[in-house]
Amino acid sequence: MSITKSQTNVLKNYINGQWVESNTDETLEVPNPATGEILAHVPISTKEDVDFAVKSAKATFEKWKNVPVPKRARIFFKYHTLLSENHEELARLIVQENGKAFKESYGEVQRGIECVEFAAGAPTLMMGETLSGIAEGIDSEMFRYPLGVVGGVTPFNFPMMVPLWMFPLAIACGNTFVLKPSERTPLLANKLVELFSEAGAPDGTLNLVHGAHDVVNGLLDHKDVKAISFVGSQPVAKYIYERAASQGKRVQALAGAKNHHIVMPDGNIEKVVQQIISSTYGSAGQRCMACSAVVVVGENDEFVKALNEKAGQLTMGNGLDDDVLLTPMIRRENREKTLGYIRTGVEEGASLIRDGRNEMDETEKGNFLGPTIFDHVTPEMTIAKEEIFAPVLSLLRAKDLDEGLEFIRKSRFGNGATIYTKDAKAIRQFREEADAGMLGVNVGVPATMAFFPFSGWKDSFYGDLHVNGKDGVNFYTRKKMITSRHD
């Protein structure tokens, strides 16, 4: 809902070390997805706000790039300490504005802290390479240098982890940063900025501009922004990649997913069911590594029955309540879109064996949808092809592993895939032939740690260098080669 800025509790932008009001009169409500309580109002900032932030970041860069790398790293050691000291508060803030369960939120905070740990290793990460004697009397050296001002656009589903994928490493490498967080989860972003300033970060190293399309386009089009990091839906990722790359910017744009989990006949049913339930329904299915399609290999109705029964035992509710796994979707319109997918699945002939619509209560303010399972889904169906981003699971039947792998190859997405089996031969075939960038073996969410790249394929990623790991260092730096004669 849009309102005017004259109303109270309007968040501010953070530019050049100061909390400043946006130039806009337009704001959006930030409701708690579980209760409907209005937590704040977020400004829909303008391109003028972006220009102000970029100007600040550019001016700071001229000084920050010359700060010794070990001195930069010490700021991140302090930041790590502050994040750890505020671990529980950060987790509760995620629950309030995102809706996910406290246990998952607590885990997200930990994964974000690990990104800061990685960035604190900047003195090692920034090292170059040398080779003496490339020719008679000639040596060659490679040094790393920062790019300049970098922009980051982050999603609602991981309001802490994803920003910390970006700005700590970028700033540790000597860049300055302008962050545009999701307008649906702005409170956590503000807290991250506040703690970063407390850690001793110089004014202008990290700037935050709240908003929507105008802010994104302002970053994409600004001549002084050298690179863009993005995480979000596939259509937006493609748009950002094409618009920014056409202007010569570096781009890493992480997009949608349709992650397939292959259940082999020898899988431990109890353990497999637990992994899939957690992967599918945690965060209400609103994560790019969620299990959204299960490939049942062979006649395994016992597994399907156990999965359905376990889904029916889930506790749905506010993420702050004990023993809750299935939490609300971020907004009512997201749930309405999901209901459309459920209707389409039925119309196209899939068997709806668990209908989450039966657990909805339209009189409540929360955006809840019960666990939903379709069986006998075919690869041509809409629900098998598109990312639903909700607590909806599709079961596809395959006669063998070869057919299951073919389902993965046919998918336009390639973020992740998992196999459940004890068969070493099947595991090796899966590893070699599964057409996705992040694979799991008996693991429900095969997301990588901060020191490895988050490596989606196909329409799950646009760009060349992924976030995190050595890819992240290479993305945020450019190389200078020196060839020297000493005779």
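These are my notebook entries on one chain, taken from a predicted model.

**Entry 1: overall build**

I began with the whole chain. I counted 16 helices and 23 strands in its secondary structure. Next I checked the radius of gyration. A compact globule of 487 residues would come out near 23 Å, and the chain has 23 Å, so the two agree. I also took the box along the principal axes. The C-alpha atoms fill roughly 75 × 70 × 40 Å.

Then I looked at burial. Of the 487 residues, 58% count as buried. The chain exposes about 20100 Å². Carbon and sulfur atoms supply 49% of that area.

I looked at contact range as well. I took contacts between residues at least 6 apart in sequence, and 72% of them join residues at least 24 apart.

Last came charge. I found 54 positive and 63 negative side chains. The centres of the two sets lie 5 Å apart.

**Entry 2: strands 8 and 9, and helix 8**

I went to strand 9 (176-180). Five of its five residues are buried, so strand 9 is largely enclosed by the rest of the structure. I split the strand by face. T176, V178 and K180 sit on one side. F177 and L179 sit on the other. Both faces are covered, and K180 is buried along with the rest.

What does strand 9 pair with? Strand 8 is joined to strand 9 by five bridges, and the two run parallel. In this pairing G152 stands opposite L179.

I moved on to helix 8, residues 213-221. Its buried residues are V215, V216, N217, G218, L219 and L220. What covers them? The cover includes strand 8 (149-153) and strand 9, together with helix 1 (47-64), strand 11 (225-231) and helix 9 (234-245).

**Entry 3: strands 13 and 14, and A284**

Strand 14 covers residues 291-297, and I checked its burial. Seven of the seven residues are buried, so this strand too is largely enclosed by the rest of the structure. Strand 13 (residues 259-263) runs parallel to strand 14, with five bridges between them. I noted one facing pair: H261 stands opposite V294.

Before strand 14 I stopped at A284. A284 is in the loop between helix 10 (269-281) and strand 14. Its phi is near 55 degrees, a positive value in a residue other than glycine. Is A284 buried or exposed? At 0% relative accessibility, A284 counts as buried.

**Entry 4: N16**

I looked up N16 as another case of positive phi. Phi of N16 is near 55 degrees, and N16 is not glycine. N16 lies in the loop between strand 2 (13-15) and strand 3 (18-20). Its relative accessible area is 36%, so N16 is partly exposed.

**Entry 5: strands 19 and 20**

Strand 20, residues 438-441, has two unlike faces: M438 and G440 are on the covered one, L439 and V441 on the uncovered one. Strand 19 (residues 416-420) pairs with strand 20 in the parallel sense over four bridges. T418 stands opposite G440, and G440 belongs to the covered face.

**Entry 6: T338**

T338 is in helix 12, residues 332-347. I asked whether T338 is buried or exposed. Its relative accessible area is 1%, which lies under the 20% limit for burial, so T338 is buried. Which residues does T338 contact beyond four places in sequence? They are M329, L369, I388, A390 and V392.

**Entry 7: L465 and G107**

L465 lies in the loop between strand 22 (461-463) and helix 16 (469-475). L465 counts as partly exposed, at 25% relative accessibility. Leaving out residues up to four places away in sequence, L465 touches Q252, D471, N474 and F475. I also took a distance from L465 to M264, 201 residues away along the chain. Their C-alpha atoms are separated by 33 Å.

G107 was my last stop. G107 lies in helix 4, residues 102-119. At 32% relative accessibility, G107 counts as partly exposed. How far is G107 from L339, 232 residues apart along the chain? The separation between their C-alpha atoms is 29 Å.

Note on methods
Residues numbered from 1 in each chain as written. Predicted model: local features only at pLDDT ≥ 70, side-chain atom pairs only at ≥ 80, totals over all residues. Heavy atoms only, no water. Rg over C-alpha atoms; globule rule 2.2 N^0.38 Å. Buried < 20%, exposed > 50% of the residue type's maximum accessible area, 1.4 Å probe, protein only. Contact = heavy atoms within 4.5 Å. Areas by Shrake-Rupley, 256 points an atom, 1.4 Å probe, with all protein chains shown as cover. Lys, Arg positive; Asp, Glu negative; His and termini not counted. Charge placed at Lys NZ, Arg CZ, Asp CG, Glu CD. Pairing = 2+ DSSP bridges.
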